[in-house]
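Grab a coffee and work through these exercises with the model open beside you. Try each task before you read its solution.

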Amino acid sequence: MTGRAQNGVLLASRLLMAAALLPTGIARALNVSGFALTLASAGMPAPNAVATAAVVVQVFGPLAVVLGVMPRITGFAMAGFVAAMAGLLHPFWLYAGGSAVVERSFLLADLGLAGAFLMYAMTGPGAWSWQGLRRGGSAPARAPAKAAPRSGAKAGGAKRAPGRAPARAAA
């Protein structure tokens, strides 16, 4: 895949992952006490504090993903958050019949989203992000390394002096 296409796909992926959480985060931010009641009914200790922390993560986490800020930290934090909330809010094993199927589907969808955040954490945001702009625009995040000659000699046949590091050409 070309660099532009890869960066476009990574941007679209970041936008879709954020779109899965940001609207709910904004809705919960507008009604934190209602979300705290939901957490309390699920048996969560200190539901007000957890609801407030979850709203902060669910609003600012997707914004950081869209912008590509600190992808490793953001990706792992969002994956953990989504997986924990999925287990807490969608306990399909407590239901029977059609309700269990619906809750299991929600749980698996949330776990799939957690997987997407893990892939984001490992691949990075691409060049069309805050991190990409800091690295220098549309250049790929990692340049492939050139293969070193197999023998102890340089490509031109001259040997380098022992104890000296090879000089690198400016990029």
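**Warm-up.** In which loop is Phe-92 found?

*Solution.* Phe-92 is found in the loop between α4 and α5. A quick word on the ground rules: this is a predicted model, in which local features need pLDDT of at least 70 and side-chain atom pairs count only at pLDDT 80 or more, while totals for chains, interfaces and linings use all residues. Residues are numbered from 1 along each chain as its sequence is written, and side-chain values use heavy atoms, with hydrogens and water left out.

**Exercise 1. Work out how Phe-92 sits and what it touches.**

*Solution.*
- Step 1, exposure. Phe-92 counts as partly exposed because its relative accessibility is 23%. The cut-offs are these: buried means under 20% relative accessible area, exposed over 50%, and partly exposed in between, with a 1.4 Å probe and protein chains only.
- Step 2, partners. Leave out residues up to four places away in sequence, and Phe-92 touches Ala-100, Glu-103, Arg-104 and Leu-107. A contact here is heavy atoms within 4.5 Å.
- Step 3, distance. Val-102 is 10 residues from Phe-92 in sequence, and their C-alpha atoms are 7.8 Å apart.

**Exercise 2. Describe the secondary structure of the chain.**

*Solution.*
- Step 1, count. There are six helices and zero strands. These are DSSP runs numbered from the N terminus: H or I of at least four residues for helices, E of at least two for strands.
- Step 2, order. Along the sequence the pattern reads α-α-α-α-α-α.
- Step 3, whole-chain totals. Of the 171 residues, 28% are buried. Take the contacts with a separation of 6 or more, and 66% of them join residues 24 or more positions apart.

**Exercise 3. Find the two faces of helix α2 and say what its buried residues pack against.**

*Solution.*
- Step 1, the buried residues. In α2 these are Phe-35, Ala-36 and Leu-39. Looking down the axis of α2, they fall within an arc of 105°, so they line one face of the helix. That arc is taken over the directions from the helix axis to the C-beta atoms.
- Step 2, a helpful rule. An α-helix has 3.6 residues a turn, so residues three or four places apart point the same way.
- Step 3, the other side. There you'll find Ser-33, Leu-37 and Ser-41 exposed.
- Step 4, the partners. The buried residues of α2 pack against α1 (3-30), α3 (47-67) and α4.
- Step 5, what follows. After α2 comes Gly-43, with a positive phi near 90°.

**Exercise 4. Characterise the packing of α2 on α4.**

*Solution.*
- Step 1, geometry. The axes of α2 (residues 32-41) and α4 (residues 71-89) come within 10 Å and cross at roughly 65°. Axes are lines fitted to C-alpha atoms, for helices over the stretch in contact, and angles run from 0 to 180 degrees between N-to-C directions.
- Step 2, residues. From α2, Phe-35, Thr-38 and Leu-39 meet Met-85, Leu-88 and Leu-89 of α4.
- Step 3, chemistry. The contact of α2 with α4 holds five nonpolar residues, one polar and no charged. For the sorting, Ala, Val, Leu, Ile, Met, Phe, Trp, Tyr, Cys and Pro count as nonpolar, Asp, Glu, Lys and Arg as charged, and the others, Gly among them, as polar.

**Exercise 5. Locate the hubs of the largest nonpolar core.**

*Solution.*
- Step 1, the hubs. The core has 20 residues, and Phe-35, Val-82 and Phe-117 touch the most other members. Such a core is a set of buried Ala, Val, Leu, Ile, Met, Phe, Trp, Tyr and Cys residues joined through side-chain atoms within 4.5 Å.
- Step 2, the suppliers. α1, α2, α3, α4 and α5 (98-123) each supply at least two of its residues.
- Step 3, one hub up close. Beyond its neighbours within four places in sequence, Val-82 contacts Leu-21, Asp-110, Leu-113, Ala-114 and Phe-117.

**Exercise 6. Compare Ala-46 and Met-70, which have positive phi although neither is a glycine.**

*Solution.*
- Step 1, Ala-46. Its phi is about 50°, and Ala-46 lies in the loop between α2 and α3. Ala-46 counts as partly exposed, at 48% relative accessibility.
- Step 2, Met-70. Here phi is about 45°, and the place of Met-70 is in the loop between α3 and α4. Met-70 is exposed, with a relative accessible area of 52%.
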